[in-house]
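Dear colleague,

Here is the structure I promised to hand over. My notes on what was found in it follow below.

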Amino acid sequence: MVILLLMALAAAPLPEAVERGIAESLARERAAALTAVRYDLAFTVPERRQQPVEGSLRLTATLASPRRIVIDFSAPKERVRSVRVGDKDVVPVYAEDHLIISADATRAGENRIAIEFTAGDEALNRNDDFLYTLFVPARAHLTFPCFDQPDIKARYTLTLDVPAAWETVANAGESARETNGGRLRVRFGETKPLPTYLFGFVAGRFAVERATRNGRELRMFHRETDAAKVSRNREALFDLHAAALKWLEDYTALPYPFDKFDFILIPSFQFGGMEHAGAVLYNASGLMLDESATQNQLLNRASTIAHETAHMWFGDLVTMRWFNDVWMKEVFANFMAAKIVNPSFPMVNHELRFLLSNYPDAYSVDRTAGSNPIRQPLSNLSDAGQLYGPIIYEKAPIVMRQLEMIVGEQAFRDGVREYLKKYAFGNATWLDLIRILDAKTPDNLAAWSRAWVEERGRPEFATALRTTKNSTIERLTITMNDPLRRRLVWPQRMRITLGYADHQTDLTVYANGRDTIVREAAGMPKPLFILPNGGGLAYGLFLLDEQSASYLLGNMPRIDDALTRGAAWVTLWDNVLEGRVPASAFVDAAIPALVNESDEQNAQRVLAYVSRAFWRYLPQQERLARAPSLEAALRAGIARANTTSLKSAWFSAFRDDVLTRDGQSWLERVWRREERIPGLPFVETDEIVMAMELAVREVPGWEQILQTQLERTENPDRKARFAFVMPALSADPQVRRGAFERFRMLENRRREPWVSESLAYLNHPLREQDSDRFIRPGLELLADIQRTGDIFFPSNWTGSILWGHRTPRAAAIVRDFLAEELQFPERLRWTVLSAADDLFRAAALSVR
Ligand SMILES: [Zn+2]
């Protein structure tokens, strides 16, 4: 009997522990149990930002049967004044980040929960005379009690009680307002179903501009005081939004899904924009442009507006079920933005821009042992920050473009329409989209998606050419391999370039297996080079045959098409990293080719490669031997460049690479303002970098240079940053060790860009001999860095430590660390392996 009783006790449901943050298991449990969720919220915002915002919530949710309700609210229990369920006061259990109402207080059917609370300020962005909410990805529960996950969509009603002089704006339109003494009370209508991360409001002193476009009233809230600037930008901002809305309504065949459209320009906003449904937030500086705005700034502005507007359908109307698919809405928004905006900027080579802004960065992770798939598991939303990186930002757009090419533009659009219609005001996963598109193509998209989206890495391509005696192509074969030996195939469209003395021919093929025969090539004359990604489409490592590599190195200026040249440089660089093209040959080819490079995007990219080759892949002796000719070429480039941005790119390369005594003296004279460069004005930040580069080279009087720069820096933030970095530049190894040691203390790591800059100078290639002592302790601190820092800090930290190293000894320190630290978190291991990739390659090449 005793035994039976114990068993019965053990079987009784114990209160389950609830994890910190929003665990996927909790999210799944709630999404299955809760329906018809509604929030009726009221906030009272005091005039002074030091006083708390008080809140009141009426939450309704329907349950099939009584069960505990876990509500997310990250606040000490003193901040909860009362909780009532129905007409009874209850005392919930307070767990970390949650407030739990026990099952016996709930009932089948509708449950009404009333909570009076003090809102946390962390996600309210309170300023002296305005505030705005920013809840993405799961920060709403820092402000009010809620179910803070993307797939419990709810309708919201909101009441704001604010100082009478303030404006207010939220997701829905205003339904009532009353003024009472110094206070204004605004009630907003009920929203369409929204996830917590898209709910938001803004209140404060704003000017409001109104315009009507295509029968719809648009409103712009801003704090710009320069009236001329407002009137210069006003019409364009309304027009750009109206054009994007119209384009998206046509493309999706769905009317704008929300009741009204407002946008709010926030000074120093965290991102470029945030797509709160019906109330989009923007960084004011990206939208209110000066008269001198460049084409690039205009293009970026139009793209940002189109991107956020596209989110109204992609993300807001149909939302990812969980944040592991957050990449999907971002890629869709960018993809639509490019379609909307690019035709209005015919001066820009968009294909080249796409190639250079996506492929090299995607490869920088995907070629390494630390690569990760686009779709990654995410067990808790508190880790959502770790998903962001080049694989999501740069590889995913390439994958989406491939998807559209495989399915076909028309069928792709139809599939997207079906997807939006089917999941409108609901949630969907990547696989839900793939299922719809799969039905529209004979290809197996599920298999396609496995290789591209669910797995890491990239394919490796080689070409094989068989010719007849009279140099005609008999057969051209492209072979695709999985370097990670999983036998994966990445089906993709490729535009293969065959290059001849006076022209080039691009052949389109669909590579869908290990070997692909390029049928159209048969019978053509033997080319001088074959570039499988010459048309800028294909993704992978392209191992160049010897003849193609040497032709491209020697004859780049003869290739007319800028896109082909861009693709060729990206590919040649990959071949340098593979040890198939010597870094010295790359540098020797790049310098004369740069003289003739007419496209600024290509010139910038090649200059960056030259710097990397110079510091990472040339042994010190070769570096010194090449310095005089390299510097002469870079100085000539500065003089010759015909735009300020291009001059600046050449100058930056010179400043970062200079090694000769003469070159350093010239740089010093420029820094001393004794020498001017026509057409290239310098501002304070430029002089700061020059001073630092001179100091790390230990030019005579380096200490005085730093001191002078510190004194002549006027901006207080920049002055403080410079003072912080100075010890890392010292010629005294003892001082440099001290500069590193301070990073063990969290309070010395708060200014993350300052820390990364210090680490990069501590580990400058010229300091290589002494600085590998920082590698091991730097890696040992990494777990702490991740726990206490912002999302991009772990990779910036590691990258800044490793960038200047190239010796086998340094590589061994990293390898030993990873081998010994068996408990090291997997994602951080990836971070280290990605950051160490160049070091591993350089070390391996140096002993060959
Ligand atoms: Zn976005």
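**Backbone oddities, then the rest**

Ser 268 is exposed, with a relative accessible area of 70%. Please keep in mind that this is a predicted model. Ser 268 sits in the loop between β17 and β18 (273-274). Its phi is near 50 degrees, a positive value in a residue that is not glycine.

Ala 253 is another non-glycine residue with a positive phi, here about 60 degrees. The loop that holds Ala 253 runs between α3 (227-252) and β17 (261-266). Ala 253 counts as partly exposed because its relative accessibility is 47%, and the partly exposed class lies between 20% and 50%.

One peptide bond also needs a mention. The bond from Val 136 to Pro 137 is cis, with omega near -5 degrees. Pro 137 belongs to the loop between β9 (130-132) and β10 (155-163).

**The chain as a whole**

The chain has 30 helices and 28 strands. Its radius of gyration is 30 Å, close to the 29 Å that the globule rule gives for 848 residues, so the chain is as compact as a globular protein of that length. The C-alpha trace spans about 90 × 75 × 70 Å along the principal axes. Of the 848 residues, 56% are buried.

**The zinc site**

Which residues coordinate the zinc ion? They are His 307 and His 311, each through NE2, and Glu 330 through OE, at 2.1 Å. Along the chain these donors follow the spacing H-x3-H-x18-E. His 311 and Glu 330 link distant parts of the chain, 19 residues apart. His 311 is in helix α5 (residues 295-311), and Glu 330 is in helix α6 (residues 326-341). Both His 311 and Glu 330 are buried. Water is not among the atoms, so the site may look incomplete.

**A strand pair**

Strand β24 (residues 492-499) pairs with β25 in the antiparallel sense, over 8 bridges. A hairpin of 4 residues joins β24 to β25. At one position in this pairing, Gly 499 stands opposite Gln 504 in β25.

How do the side chains of β25 (residues 504-511) lie, and which of them are buried? They alternate along the strand. Thr 505, Leu 507, Val 509 and Ala 511 point to one face and are buried. Gln 504, Asp 506, Thr 508 and Tyr 510 point to the other face and are not buried.

**The second largest pocket**

The second largest pocket holds about 380 Å³ of space. It is lined by 20 residues, and those closest to its centre are Arg 367, Thr 368, Ala 369, Pro 483 and Arg 841. By class, the lining has 10 charged, 7 nonpolar and 3 polar residues. Helix α30 (residues 837-846) gives the most to this lining, with 3 residues.

**Where to look in the viewer**

For the zinc ion, start from His 307, His 311 and Glu 330. For the second largest pocket, Arg 367 and Arg 841 are among the residues closest to the centre. For the cis peptide bond, go to Val 136 and Pro 137. For the positive phi values, the residues are Ala 253 and Ser 268.

Regards

Methods
Residues numbered from 1 in each chain as written. Predicted model: local features only at pLDDT ≥ 70, side-chain atom pairs only at ≥ 80, totals over all residues. Heavy atoms only, no water. 1 Å grid on protein atoms, 1.4 Å probe; cavity = no way out; pocket = protein on both sides within 12 Å on 5 of 7 lines; lining within 4 Å. Points joined across faces, edges and corners; volume = space filled by probe spheres on them. Helix = DSSP H or I, 4+ residues; strand = E, 2+ residues; numbered from the N terminus. Nonpolar A, V, L, I, M, F, W, Y, C, P; charged D, E, K, R; others polar. Buried < 20%, exposed > 50% of the residue type's maximum accessible area, 1.4 Å probe, protein only. Pairing = 2+ DSSP bridges. Donors = N, O, S within 2.8 Å, 3.2 Å for Na, K, Ca; no water. Rg over C-alpha atoms; globule rule 2.2 N^0.38 Å.
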